[in-house]
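Hi everyone, thanks for coming. Let's pull up the structure and walk through it together.

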Amino acid sequence: MKQLNHLTEPGQKYLPFLECLDRVNLIIQRADDLEQMMQSLLHEMLAMFDCDRAWLLYPCDPQAETWEIPMECTRPAYPGAMAAGVKHPMEAHIAETMQLCLDRQEPFTLRPGIDVSDPAEAARQYQVESMLCLAIYPKTGKPWLFGLHQCSHPRVWHTNEKRLFNEIGNRVSEGLNSLLITRDLQDSEERFRHAFEFAGIGMGLLTMEGRWIRANQVICTMLGYEESQLQQLTFQELTHPDDLIAGQDELQRLVSGEVPFIQIEKRYRHRNGHYVWAKLTTSIVRDDKQQPRYFVSQIENIDQRKHAEDELALLSFALNRVGESVFLMSEDARFRYINDEVCRQLGYTRDELLHKLTVPDIDPGCPLSRWQAHWQELKREQTITLESKHTSKSGKQIPVEINANYFEYNNQGYNLALVRNVSERKRAELAQQEVEQALREQEVKFRQMAENIEEVFWLTDISKEQVLYVSPAYETIWGLNRDNLYQFPKQWINAIHPEDRDRVYWAAHHLQASGEYDLEYRVIQPDGTVRHIHDRAFPIHDESGEAYRIAGIAQDISYRKEQAAHIHYLAYHDALTDLPNRALVMDRLAHASA
């Protein structure tokens, strides 16, 4: 500084000043990070100004609750007054000093206890005789305070020193601004990296052509690929063809800037070949000219939810396709669900049945008092088959056969009843009065047995490789655990009588999808019992009209088979002597003469 103060020859006046600035510029230009630049610069300040301390304080804000010294360089005889990086509470004299610096645009000289209200004790504690400081303003964050301490002796700071200090302060501010922005960018990138890698949902970056740039672990796990493998693919290659076509319009609107983001549900192909449902939220990062650079996508796995929704929709759809009325009732005799067949049979609207009517309104033979007794019996027996009469909206009496099934869900009891209109059967029974007397005893036995017959309702995928649902009656008719059927879908076919198995297997794979499946066959229970089954099935179609599920009802008709054989026998044999009767003789003569 002696050179700077005393060189006054023409042409030489600014040489030391410029040399000092060049040294500062070189330090800033060579710096790789904030700490390196500040340490080198503060060390240079000690030599350049022949002072005892050089430091940076942050924030230079009198309203702040705390402040700290991020950087400080001192001479050995005067170690740092404050530990670097430690936050200190704001005191009145510190706030006053900061305000004085903020109010001035040029360096400000301070003498503790004289220029500010710092008590003499504080000046003695900090060993500060004179101070030169300047508020600097990087473009990011709050102002900083750049300062020098002279501790060895009182010092008067000359104009040239202030001027140089001011110029250095401007350069420090610019350097701080650049490096702080870089540090913030690095911190932001690090936060983004952590958010990207550790997000609970899938996150990916893709080129505008659809090729994967980055994919976090959630996406990799969801689709079964390593990130390096995904980077060789495009989202188009992994998207279900139907969804790819459906999403083109939305994608075009996003690229054109009509919408800031799109959110769609689509299917991604897993590495194993199956498709996974996901909710995709995608936006575009654009450059300064608003040209698209790349996609940022969030992908949430909703496969389980979609399958649950599909199963519920399919079950409801299937129930609306069956020929029986389906009621779901609660203990208060109210209807919680009805299928379309109920409305067709009774003539009521869905709203009337669900919100205005109860069981006694359609079944006068079951008042509330009887309903409660019926409910307790059903709860005890779990399954009851009975006959009753339903009254339609027009007053028509409809004879019905009811298969009631009790179950609990969320601690609430329900009755799922399959109700069949047996008007045709009743009329057929009346038309056969000539044989009713002979069959009366057998009919009683048949009805007793029919009350315990359970029908099996089942759902499978189109390939027959997965059983989606099977009713508890399966365990009664097949004699097998239905939980095992879910794990081993071919269990049901293995139980079929060997003479019927090939025929049923072929029909299951060739006729069910077309709705032509209507078979009778035999099953052999684990104890060797053979049961006759009447099995019907029909396809369930998706929105595109493709069959992708099969629903069916299997009924144990073993008793019916036995009764048919017995009736045939009675028709041609005398009930008392068990000998062939006239009908058999005439039938034989007719065949002989034919």
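**Charges, paired and unpaired**

Let's start with a little cluster: E265, R305, K306 and E309 are linked in a network of salt bridges. Keep in mind as we go that this is a predicted model.

So how many salt bridges does the structure hold? The count is 34. The general idea is that side chains of opposite charge can pair when their charged atoms come close.

Let me show you a few pairs. E44 and R23 meet through their side chains in a salt bridge, at 2.1 Å from N to O. This pair links distant parts of the chain, with E44 in helix α3 and R23 in helix α2, 21 residues apart. Buried or partly exposed, what are these two? E44 counts as buried, at 17% relative accessibility, while R23 is partly exposed at 37%.

Next up, K426 has a salt bridge with E387, and their closest N and O atoms are 3.2 Å apart. Here K426 sits in helix α17 and E387 in strand β14, 39 residues apart, so again distant parts of the chain are linked. K426 is partly exposed at 22% relative accessibility, and E387 is partly exposed too, at 34%.

One more pair: the side chains of R522 and E499 form a salt bridge at 3.0 Å, N to O. R522 belongs to strand β19 and E499 to helix α22, with their positions 23 residues apart in a link across distant parts of the chain. E499 is exposed, with a relative accessible area of 62%.

Now for a charged residue without a partner. K266 is in strand β9, which covers residues 261–269. K266 is buried yet has no salt bridge. Which side chain of opposite charge is nearest to K266? That's D243, 6.9 Å away, and a salt bridge needs the atoms within 4 Å. What the K266 side chain does have is a polar contact with the side chain of T239, at 2.8 Å. Leaving aside neighbours within four places in sequence, the contacts of K266 include F235, V276, W277 and L280.

Over to the surface. F407, Y409 and L416 make a nonpolar patch of about 280 Å². L416 lies in strand β16 and is partly exposed, at 30% relative accessible area.

Finally, let's zoom out. The protein has 24 helices and 21 strands. Of its 594 residues, 43% count as buried. About 33300 Å² is exposed, and carbon and sulfur atoms supply 51% of that.

Conventions: Residues numbered from 1 in each chain as written. Predicted model: local features only at pLDDT ≥ 70, side-chain atom pairs only at ≥ 80, totals over all residues. Heavy atoms only, no water. Helix = DSSP H or I, 4+ residues; strand = E, 2+ residues; numbered from the N terminus. Buried < 20%, exposed > 50% of the residue type's maximum accessible area, 1.4 Å probe, protein only. Lys, Arg positive; Asp, Glu negative; His and termini not counted. Polar contact = N/O pair within 3.5 Å; in protein donor to acceptor, adjacent residues only side chain to side chain. Contact = heavy atoms within 4.5 Å. Patch = residues over 30% accessible without salt bridge, like charges linked within 9 Å, V, L, I, M, F, W, Y side chains within 5 Å. Areas by Shrake-Rupley, 256 points an atom, 1.4 Å probe, with all protein chains shown as cover.
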